[in-house]
Amino acid sequence: MRHTVRFLGLVSLVAAFCWSSAAFAGAVTSKEEIKISTTGGGIKIKSNNGNSFAIGGRIMYDYDSFDGLWNYADSGDDDTASESEFRRTRVTLKGTSGKSWAYKMTIDIDEGEAEVDTGYIAYKGLGLGKLMVGRFKAPFGLEELTSSKWISTIERSPTPELGFLSGKPPFQVALHGHGGPLFWQLAVIDEDQEDDDGSDAYSMAARVGAHMPIGEGSFMHLAGSFASRDYGDGATQRFRTRLGVHTISSRPIDVKDIGVDDADQFGLEGAIVMGPLSLQGEYRQADFDAGDGGTPSDVDVEGSYIQASYILTGESRGYKGKAGKFDKVKPKGPMGAWELVAKYEDGELDIQTEAEETEYELLTLGLNWYANKNVKFMLNYLDADTDHANKAGDEDGGQAMSFRAQYVF
């Protein structure tokens, strides 16, 4: 009953936004022009004085079949198993007020319960860039900053899970700017954790890069990121990753209660787009200093990936130069766009108090069909190989097939 009430409350909220927008449109004076659009499946309302409002969202349904280390971590055997889930069901409200202010809120609905996934207010009147306050992605990494709707594989690389700043921190203040081919992003992040004396843990992050044309329909992307986190007294960190299969409940790599004091992390990223061909790669390293909580230990995390994709129907991957991240593929023909993807990644987790370091390799082969601007289907084959994965038992490898059906509006 509680889940139903929360869901109905969310629907009522969205309905109220729609009603108020419609009422706003009906009260337009002769001095203001309103345009209402449903292109792309959502609702967009825009006036000629800079005010706007839009409703959109996404639905992602995943199915995974897996064996080896993935199933051993879940059930203790290496037989083939399968799971499915609604990976993301989200409603997004966003808009602008004049030329200087903007906002965005994304509500994530999971098993009848709703919570805020993204929510921020932005001021665009500064000369150096856009000032953002709220909950959103920290400025670190090309694949991390690219929306889950438009990454080329179903899941992102596992290395960010083992470091810090993956996902969306609870609260941050950030400055995002651009000029010509350059873009820059700076953030101060409250991690919503307290150390033994009650002080807040915090992080700082920065990303700087450029996109450069290298011919008609082709460009190069280069960027670097750095982040530093102060954990404070008595803090512990958990190092774990699903290794590309999200529906499992227990991670093949999972080490708890490691006492850390502070950490530094840096990353390098590059991409080349030449029409339908896209190449991208990233390297990331995080160094954790031992603290006085849990089991104190220095920890080193290191990983990289290289990815190639080719769109058989001739389209190019979309790209947002002002933010330095990839965007949607726009199909041109009635049969949509078809994309082939190959990705190889490897990494290691070295906890100094452990006898041996954990290493992993992951190969992903994919086929994506962008049926139209709203509908996308993804099929991935994954082959993993590990050394000393603590939750995989004697299983040092495994294969998986993953499928996603996606609707974006």
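In this predicted model, the side chain of Arg88 makes a polar contact with the side chain of Ser148, at a distance of 3.5 Å. Arg88 has its place in strand 4, which covers residues 81-97, and, leaving aside residues up to four places away in sequence, Arg88 touches Arg58, Ile59, Met60, Ser148, Arg156 and Arg404. What is the nearest side chain of opposite charge to the buried Arg88, and how far away is that side chain? It is Glu155, which lies 5.1 Å away, and Arg88 has no salt bridge. Since a salt bridge requires a side-chain nitrogen of Lys or Arg within 4 Å of a carboxyl oxygen of Asp or Glu, the distance of 5.1 Å between Arg88 and Glu155 does not count as one.

Side chains of opposite charge can pair when their charged atoms come close, and a search of the whole structure finds 12 salt bridges. One of them joins Asp62 to Arg404, with the closest N and O atoms 2.8 Å apart. Asp62 belongs to strand 3 (residues 52-66) and Arg404 to strand 22, so this pair ties together parts that are 342 residues apart in sequence. Asp62 and Arg404 are both buried. Arg404, which is also among the residues that Arg88 touches, takes part in a network of salt bridges that links Asp62, Arg87, Glu155 and Arg404.

A further salt bridge is formed by Arg229 and Glu191, whose closest N and O atoms are 4.0 Å apart. This pair, too, links distant parts of the chain, for Arg229 sits in strand 11 (residues 218-230) and Glu191 in strand 9 (residues 182-194), 38 residues apart. Are these two residues buried or exposed? Arg229 is buried, with a relative accessible area of 8%, and Glu191 is buried as well, with a value of 11%. The side chains of Glu345 and Lys343 also meet in a salt bridge, at 3.9 Å from N to O. Glu345 has a relative accessibility of 2% and so counts as buried, while Lys343, with a relative accessible area of 1%, is likewise buried.

The loops deserve a look as well. Leu243 is found in the loop between strand 12 (236-241) and strand 13 (253-274), and its phi is near 55°, a positive value in a residue other than glycine. His388, which lies in the loop between strand 21 (375-387) and strand 22 (397-408), also has a positive phi, near 65°. As for their surroundings, Leu243 is buried, with a relative accessible area of 1%, whereas His388 is partly exposed, with a relative accessible area of 44%.

We can now turn to the whole chain. The protein has 4 helices and 22 strands. Its radius of gyration is 22 Å, close to the 22 Å that the globule rule gives for 409 residues, so the protein is as compact as a globular protein of that length. Taken along the principal axes, the C-alpha atoms fill a box of roughly 75 × 55 × 55 Å. Of the 409 residues, 46% count as buried, and the accessible surface comes to about 19300 Å², of which 55% belongs to carbon and sulfur atoms. Among contacts between residues at least 6 apart in sequence, 61% join residues at least 24 apart, and the pair of Asp62 and Arg404, 342 residues apart in sequence, shows how parts from distant places in the chain are tied together.

Key. Residues are numbered from 1 along each chain as its sequence is written. This is a predicted model: local features need pLDDT of at least 70, side-chain atom pairs count only at pLDDT 80 or more; totals for chains, interfaces and linings use all residues. Side-chain values use heavy atoms; hydrogens and water are left out. Helices (H or I, at least four residues) and strands (E, at least two) are DSSP runs, numbered from the N terminus. Buried means under 20% relative accessible area, exposed over 50%, partly exposed in between (1.4 Å probe, protein chains only). Lys and Arg count as positive and Asp and Glu as negative; His and the chain ends are not counted. A polar contact is a pair of N or O atoms within 3.5 Å; within protein, one must be able to donate a hydrogen and the other to accept it, and residues adjacent in sequence count only if both atoms are side-chain atoms. Contact means heavy atoms within 4.5 Å. The radius of gyration is taken over C-alpha atoms; the globule rule is 2.2 Å times the number of residues to the power 0.38. Accessible areas come from the Shrake-Rupley method with a 1.4 Å probe; for residues, only the protein chains shown count as cover.
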